Amino acid sequence: MIMQQSRLDLFVDRMVSQRACLDHAAKVIADMEGPVFELGLGNGRTYHHMRHIMPDRDIYVFERAVASHPDSTPPEDMVLLGDVFETLPQALERFGPSAVLIHADLGGHNAQKNDLFAQKVSPAIAPLLAVGGLMVSSDRMYFDDLVEQPLPDGAVQGRCFIYRRES
Ligand SMILES: C[S@@+](CC[C@H](N)C(=O)[O-])C[C@H]1O[C@@H](n2cnc3c(N)ncnc32)[C@H](O)[C@@H]1O
């Protein structure tokens, strides 16, 4: 069997793409006011990186069960605990369309399931993004009103996606 890419290759591509896209997005939104949302805490690696590159920003984390590395565990009052299909609508009531950056890494190992999930969750994410704000995702999303952006240097096509609310 000829493999185009090993699982290790895919993992590395995802990691370098997440970092490149988050670094780029943090620079783009640097002068905007508003919170940042991390959807899917997992081990907390991307959350830890986001705190590192955006130390003064309020970063709210959406996760159904916190099980992160102790160094990467958000304060309790910054966690919206539960299923995103419940917490995203709650966040819209609480914050309105004010998020300047939303990062989503909610998927697992099954690409087909991830794609179906992305189709379902996209309409719950889009209304939270402020005008000029960016949405960074490890999966292709399905937005009617956000515009896909070119990837920065260092990101691998198809391993990360960036969307922007233009108006
Ligand atoms: C791939 S991990 C995130 C990894 C993280 N970016 C990191 O760097 O460590 C995905 C996380 O999303 C969470 N998740 C998946 N579906 C969810 C849902 N419907 N509601 C809330 N959290 C969910 C899982 O519990 C898991 O912790």
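A polar contact is here a pair of N or O atoms within 3.5 Å; within protein, one must be able to donate a hydrogen and the other to accept it, and residues adjacent in sequence count only if both atoms are side-chain atoms. This is a predicted model, in which local features need pLDDT of at least 70 and side-chain atom pairs count only at pLDDT 80 or more, while totals for chains, interfaces and linings use all residues. Residues are numbered from 1 along each chain as its sequence is written, and side-chain values use heavy atoms, with hydrogens and water left out.

The chain holds four helices and seven strands, taken as DSSP runs (helices H or I, at least four residues; strands E, at least two) and numbered from the N terminus. Along the sequence they follow the pattern α-β-α-β-β-α-β-α-β-β-β.

Turning to the ligand, 17 residues surround it, and Gly44, Thr46, Glu63, Val84 and Asp105 come nearest, where a residue is near if one of its heavy atoms lies within 4 Å. Two oxygen contacts can be followed in the model: a backbone N or O atom of Asn43 lies 3.1 Å from an oxygen atom of the ligand, and a polar side-chain atom of Glu63 lies 2.5 Å from an oxygen atom of the ligand. On the nitrogen side, an N or O atom in the side chain of Asp105 is 2.8 Å from a nitrogen atom of the ligand.
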